[in-house]
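My notebook is open and the coffee is fresh. Here is what I looked up, entry by entry.

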There are 2 protein chains.
Amino acid sequence: MTGLPNVVDVDDPADPRLDDFRDLNSIDRRPDLPTGKGLVIAEGVLVVQRMLASRFHARALLGTDRRLRELADDLPATTAPYFRASAEVMAEVIGFHLNRGVLAAAPRPRELTLDEVMADARTVAVLEGVNDHENLGSVFRNAAGLGVDAVVFGTGCADPLYRRAVRVSMGHALLVPYAWSAAWPADLNTMRDNGFRVLAMTPNPAARTLAEAMDELSGARVAFLVGAEGPGLSEHTMRSSDERVRIPMSRGTDSLNVATAAALAFYERVRVDSAGTPHERGSSEASGGSDR
Amino acid sequence: MTGLPNVVDVDDPADPRLDDFRDLNSIDRRPDLPTGKGLVIAEGVLVVQRMLASRFHARALLGTDRRLRELADDLPATTAPYFRASAEVMAEVIGFHLNRGVLAAAPRPRELTLDEVMADARTVAVLEGVNDHENLGSVFRNAAGLGVDAVVFGTGCADPLYRRAVRVSMGHALLVPYAWSAAWPADLNTMRDNGFRVLAMTPNPAARTLAEAMDELSGARVAFLVGAEGPGLSEHTMRSSDERVRIPMSRGTDSLNVATAAALAFYERVRVDSAGTPHERGSSEASGGSDR
């Protein structure tokens with residue numbers, strides 16, 4: 001923690017101090033590739049604010065003077081330099097014009113373990129094969145909004161720290177704790193040993209409805225297991241769950257987008273938890289209806 | 001209705017019979033611009049199938065031989081020619097390589113009226129200011145999957161027949177009846193006169209929860225009023241509703257994406273409708289969990 005923000009004016013797009021932000025869309029050089037620089041990039045005031053409040057420690061920021069002023073209350077939380085540049089210089093560095101006007105770059109910290117993210121969690125989302133960055137980001141946004149405490153990745157999931165995933169998550173990929181399963185699907189047994197009821201989301205009409213399952217499990221720890229677009233959960237993983245649950249759907253339609261199906265599960269959990277009890281999960285600052 | 005499909009082989013990308021599909025991504029010439037050719041374009045086997053089953057009558061199809069075979073059971077429903085071409089010729093015509101391998105083009109039919117789409121509807125989604133094609137498409141997909149009978153557009157909504165909206169909707173923008181409000185927000189009164197309870201979705205913590213409202217209204221006609229990303233519903237529109245309802249959310253998070261918030265409302269309606277009654281809205285063919 002420090003006092004005044006560390007502002008450095010830059011007007012040369014070739015300045016090597018800006019390399020963390022260079023060629024942001026380049027397929028093979030982009031700084032958020034895990035195989036390259038492995039940085040985490042936050043874009044826009046809101047997501048940068050969330051990075052500054054997270055376990056991801058920014059090592060540099062690049063932005064306009066206007067965004068510097070908008071971040072005035074947040075920058076004292078970091079010692080990283082704020083490279084102040086014009087929108088034109090920024091566009092030359094990153095390779096395109098960025099409306100959001102500000103970026104922050106953080107090295108990837110050590111990954112959390114399953115034990116760590118499970119420790120205080122009541123509700124966990126467990127993903128298998130969710131390999132689309134936008135869906136992954138949406139799952140984090142929905143998890144944050146609807147009271148999910150952690151996300152666990154089984155096999156085949158995309159990188160939640162890819163720039164697009166972080167952006168679509170509204171920065172919640174940096175705030176909702178997540179862990180990669182080290183032994184899949186055996187880790188589902190580990191979760192069960194820790195008191196979690198593991199529910200596999202499925203289109204199978206023989207499954208119990210989400211509402212029925214949630215009514216019964218309102219006092220329990222719950223893990224929602226959600227599968228890939230296309231194939232859904234593997235049969236092996238499905239068999240490792242405690243129970244299969246489904247969302248009641250109209251006849252003859254496709255199943256829902258994976259992030260939407262997950263949101264319905266999260267919602268149902270909150271609804272049952274809050275029905276007639278004093279511990280509704282907060283409504284003082286925001287609740288649904290529109291996209292900010 | 002006819003018998004064998006009307007297959008026409010084409011190997012010249014400049015063939016004027018393919019003009020309905022030319023320059024599909026061109027900003028000013030794309031055929032799905034309402035101000036230009038005003039066509040509705042379906043992409044991919046599933047969406048083309050839905051167009052052929054809809055009130056949108058295809059006047060031409062363009063696709064590979066493989067997709068022709070996949071559509072064998074559907075093509076007898078149309079007299080339109082199927083222009084069979086190689087993937088390379090298709091790419092030259094439309095301007096990029098289309099993995100989905102088949103397109104259909106239909107003229108825009110007359111728009112339906114509010115009276116027409118209201119007539120047999122129990123649940124209606126009413127949108128204001130939803131100007132993002134992807135969100136609009138997602139609303140239609142969620143509406144179809146979660147038992148919504150019609151969509152009504154207030155001011156400021158994007159074109160649901162734009163190619164991207166149709167694609168994201170999985171073709172349901174062609175199947176779920178919709179109407180543009182001719183008098184906004186006065187049409188909300190018309191809906192009320194027809195027995196609809198108009199519920200405005202809002203982040204306002206003083207609003208009643210969705211679950212409470214649905215429990216009370218299980219026998220009634222319901223219209224869910226959902227606002228734009230960013231500003232939400234206008235105050236004027238909000239005041240034209242019967243009641244404000246909210247989704248219980250976690251403290252300190254953003255509100256949800258507009259299509260996700262709508263999905264939660266639709267889900268809650270189906271949940272209450274189906275709880276303990278014999279008329280659950282179908283689970284024989286599909287239900288949630290993954291994205292096909």
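How many residues does helix H10 of chain A have, and how far does H10(A) reach from its first C-alpha to its last? I noted first that this is a predicted model. Helix H10(A) covers residues 258-274, which makes 17 residues, and its end-to-end C-alpha reach is 24 Å. That is close to the 24 Å expected at 1.5 Å a residue. I then checked how covered H10(A) is, and 17 of its 17 residues are buried. At the N-terminal end of H10(A) I found a cap: a side-chain oxygen of A:Asn257 sits 2.7 Å from the backbone nitrogen of A:Ala259.

**Entry: strand E3 of chain A**

I went to strand E3(A), residues 60-63, to see which way its residues point. A:Ala60 and A:Leu62 face one way, while A:Leu61 and A:Gly63 face the other, and all are buried. I jotted down the general rule beside this: side chains in a regular strand alternate between the two faces of the sheet.

Next I looked for the partners of E3(A). With strand E5(A), residues 102-107, E3(A) pairs in the antiparallel sense over 4 bridges. Here A:Gly63 has A:Val102 as its bridge partner. With strand E4(A), residues 81-84, the pairing is parallel over 3 bridges, and A:Leu61 is matched to A:Tyr82. I also recorded that E3(A), helix H2(A) (residues 65-70) and E4(A) form a right-handed β-α-β unit.

**Entry: the seven-strand sheet**

In which order do the 7 strands of the open sheet in chain A come? I read the order as E8-E7-E6-E11-E9-E12-E10, with parallel pairing. Strands E8 (178-180) and E10 (208-209) of chain A are the edge strands, each pairing on one side only. I picked one pair from this sheet for a closer look: E9(A), residues 196-201, runs parallel to E12(A), residues 243-246, and 3 bridges join them. In that pair, A:Leu199 has A:Glu243 as its bridge partner.

**Entry: A:Asp159**

I found A:Asp159 in the loop between strand E7 (150-153) and helix H6 (163-168) of chain A. Is A:Asp159 buried or exposed? A:Asp159 counts as buried because its relative accessible area is 14%, under the 20% cut-off. Its side chain makes a polar contact of 2.7 Å with the side chain of A:Arg108. Leaving aside neighbours within four places in sequence, I listed the contacts of A:Asp159 as A:Asp32, A:Pro34, A:Arg108, A:His133, A:Leu136 and A:Ala165.

**Entry: B:Arg100**

Over in chain B, I placed B:Arg100 in the loop between helix H3 (87-94) and strand E5 (102-107). B:Arg100 has a relative accessible area of 38%, so I put it down as partly exposed. Not counting residues up to four places away in sequence, B:Arg100 touches B:Glu43, B:Gly44, B:Arg67 and B:Arg167. I also checked the separation from B:Leu4, which lies 96 residues away along the chain: the two C-alpha atoms are 23 Å apart.

**Entry: cysteines**

How many disulfides does the structure hold over all chains? I wrote down 0. As a reminder to myself, a disulfide is a covalent bond between the sulfur atoms of two cysteines. A:Cys157 has a relative accessible area of 12%, so I entered it as buried. For B:Cys157 the relative accessibility is 12%, and I entered B:Cys157 as buried too.

Note on methods
Residues numbered from 1 in each chain as written. Chains lettered and ligands numbered in written order. Predicted model: local features only at pLDDT ≥ 70, side-chain atom pairs only at ≥ 80, totals over all residues. Heavy atoms only, no water. Helix = DSSP H or I, 4+ residues; strand = E, 2+ residues; numbered from the N terminus. Expected span 1.5 Å × (residues − 1). Buried < 20%, exposed > 50% of the residue type's maximum accessible area, 1.4 Å probe, protein only. Polar contact = N/O pair within 3.5 Å; in protein donor to acceptor, adjacent residues only side chain to side chain. Contact = heavy atoms within 4.5 Å. Disulfide = S-S within 2.5 Å. Pairing = 2+ DSSP bridges. Right-handed = clockwise from strand over helix to strand, strands pointing away.
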